[in-house]
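Please open the model in your viewer and keep the sequence panel beside it, so that each selection can be followed in both. The tour moves from one selection to the next and says what is to be found at each stop.

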Amino acid sequence: MELHHISTAPWHSPPSAPASRSISLAFQATTANSDADLIHTPAQPKETPANKKKRTRKNHTMDLPQLTSTPARHSASCASLSLPLLSLLHAVLPQPPSLTLSIGAGPGLLEALLLKHHPSRACANPASLYGIEVAAAPPVNRFLPEANAVVVGGTWAVAREVADAEALVFVYPRQVGLVRTYLDSGARVRVVVWIGPRCDVSEFLGPLGAWGVEDVALMDWEGGKVVENGEVVLVFHRREGGVLR
Ligand SMILES: C[S@@+](CC[C@H](N)C(=O)[O-])C[C@H]1O[C@@H](n2cnc3c(N)ncnc32)[C@H](O)[C@@H]1O
């Protein structure tokens, strides 16, 4: 399947209409649960000095909440967050300079907390962690430094950084097809972390299980629960000699 890659530069101009349409249709065809999201191509907002300043001011870590060893809800994150969760992610994700992509990072709270608590991952040049989000006005990202944020043109788009990625993180992804597409595209990916509600596991287990071998249950880490009841953290390692779907 041909993939469409978007520049890392925020507010990159969208592709020409025919190209983007053919890609969205190709992606849709491989997706079991296609929905209107897949063909949504948001208008690309224009960067102005005023909104750039506002965005930059917001991108600092002083606003990050304090985590404890008990998973807790935060308005800017679908997943409950805890210190054991950050430790687990730090342990299973490859160390810098290996590249990790968090696909659909939303406001980037979990990712920013990971950088804060494990500063060895906060290297900026080159970055070893990118939160990938779709373009929107105002930007969806609120917590990640700009150096760690990549914007793609729509829900159908795959970040070109996947070519260098060695790990992928999906936190409450909505589309199984997007997970499958990233697994197919990431030739160097060796670790995948999926975090979501228990009721979604069966839907995502197909492509994840075909791609890799699951770690033993990881609900506790360093003596603490990583996420709340009803949520699951899955860690997969690429299956040696396996066939990618
Ligand atoms: C349910 S939200 C989860 C956000 C965040 N991970 C969290 O846990 O709070 C799913 C996110 O995926 C984003 N998304 C959808 N398609 C995407 C794509 N192709 N590339 C990057 N992000 C995408 C949406 O914009 C949305 O912010």
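A residue is called buried here if 20 or more other C-beta atoms lie within 10 Å of its own, with C-beta atoms placed from the backbone. The model on screen is a predicted one, and glycine 104, with 21 other C-beta atoms within 10 Å, therefore counts as buried in it.

**The whole chain**

Begin with everything displayed as a cartoon: the protein chain has six helices and 13 strands. Of its 245 residues, 39% are buried. If you draw the contacts between residues at least 6 apart in sequence, 71% of them join residues at least 24 apart.

**Glycine 104 and its surroundings**

Now select glycine 104, which sits in the loop between strand 4 and helix 4. Leaving aside residues up to four places away in sequence, glycine 104 touches Ile132, Glu133, Phe170 and Pro173. One of these partners deserves a distance label: glutamate 133 is 29 residues away in sequence, yet the C-alpha atoms of glycine 104 and glutamate 133 are 5.1 Å apart.

**Proline 173**

From glycine 104, step to proline 173, which belongs to the loop between strand 8 and helix 5. Is proline 173 buried or exposed? Proline 173 counts as buried, because it has 20 C-beta neighbours inside 10 Å. Its contacts, again without residues up to four places away in sequence, are Ile103, Gly104, Leu178, Val179 and Gly196. A second distance label can be drawn from proline 173 to cysteine 78, since the two are 95 residues apart in sequence while their C-alpha atoms are 9.9 Å apart.

**The ligand shell**

Next select the ligand and the residues that surround it, 18 in number, of which Cys78, Gly104, Gly106, Thr155 and Val171 are the closest. The elements that contribute two or more residues to this shell are strand 3 (77-81) and strand 5 (129-134). Coloured by class, the shell shows 12 nonpolar, four polar and two charged residues.

**The open sheet**

Hide the ligand and select the sheet in which seven strands are arranged in the order 6-5-4-8-9-13-10, an open sheet with mixed pairing. At its edges lie strand 6 (149-152) and strand 10 (212-214), each of which pairs on one side only. On average, and with direction ignored, neighbouring strands of this sheet are turned by 25° against each other.

Within the sheet, first look at strand 5, which is largely enclosed by the rest of the structure because five of its six residues are buried. Strand 5 pairs with strand 4 (residues 99-103) in the parallel sense, over four bridges, and isoleucine 103 has isoleucine 132 of strand 5 as its bridge partner. Then move to strand 8 (residues 165-171), which runs parallel to strand 9 and is joined to it by five bridges; there alanine 167 finds its bridge partner in valine 191 of strand 9.

**Helices 5 and 6**

Add helix 6 (residues 201-211), which packs on the sheet, touching strand 9, strand 10 and strand 13, and whose direction makes about 15° with that of strand 13. Select helix 5 (residues 176-185) as well: the axes of helix 5 and helix 6 come within 9 Å and cross at roughly 10°, which means that helix 5 is roughly parallel to helix 6. Show side chains for the contact, made by Val176, Val179, Arg180 and Leu183 of helix 5 together with Glu203, Phe204, Pro207 and Trp211 of helix 6. By class, these contact residues comprise six nonpolar, no polar and two charged.

**Helices 3 and 4**

For the last stop, select helix 3 (residues 83-92), where Pro84, Leu85, Leu86, Leu88 and Leu89 are buried. The buried residues of helix 3 pack against several elements, among them strand 3, helix 4 (109-117) and strand 13 (231-238). How do helix 3 and helix 4 lie, roughly parallel or roughly perpendicular to each other? Their axes come within 10 Å and cross at roughly 75°, so helix 3 and helix 4 are roughly perpendicular to each other. The residues to display are Leu86, Leu89 and His90 in helix 3, which meet Leu113, Leu114 and His117 in helix 4. This contact of helix 3 with helix 4 has four nonpolar, two polar and no charged residues.

Note on methods: Residues are numbered from 1 along each chain as its sequence is written. This is a predicted model: local features need pLDDT of at least 70, side-chain atom pairs count only at pLDDT 80 or more; totals for chains, interfaces and linings use all residues. A residue is near a molecule or strand if its C-beta atom, placed from the backbone, lies within 6 Å of it. Ala, Val, Leu, Ile, Met, Phe, Trp, Tyr, Cys and Pro count as nonpolar, Asp, Glu, Lys and Arg as charged, and the others, Gly among them, as polar. A residue is buried if 20 or more other C-beta atoms lie within 10 Å of its own, exposed if 12 or fewer, and partly exposed in between; C-beta atoms are placed from the backbone. Two residues are in contact if their C-beta atoms, placed from the backbone, lie within 7 Å. Two strands pair if DSSP finds at least two bridges between them. Axes are lines fitted to C-alpha atoms, for helices over the stretch in contact, and angles run from 0 to 180 degrees between N-to-C directions. Angles under 35 degrees count as roughly parallel, over 145 as roughly antiparallel, 65 to 115 as roughly perpendicular and the rest as oblique.
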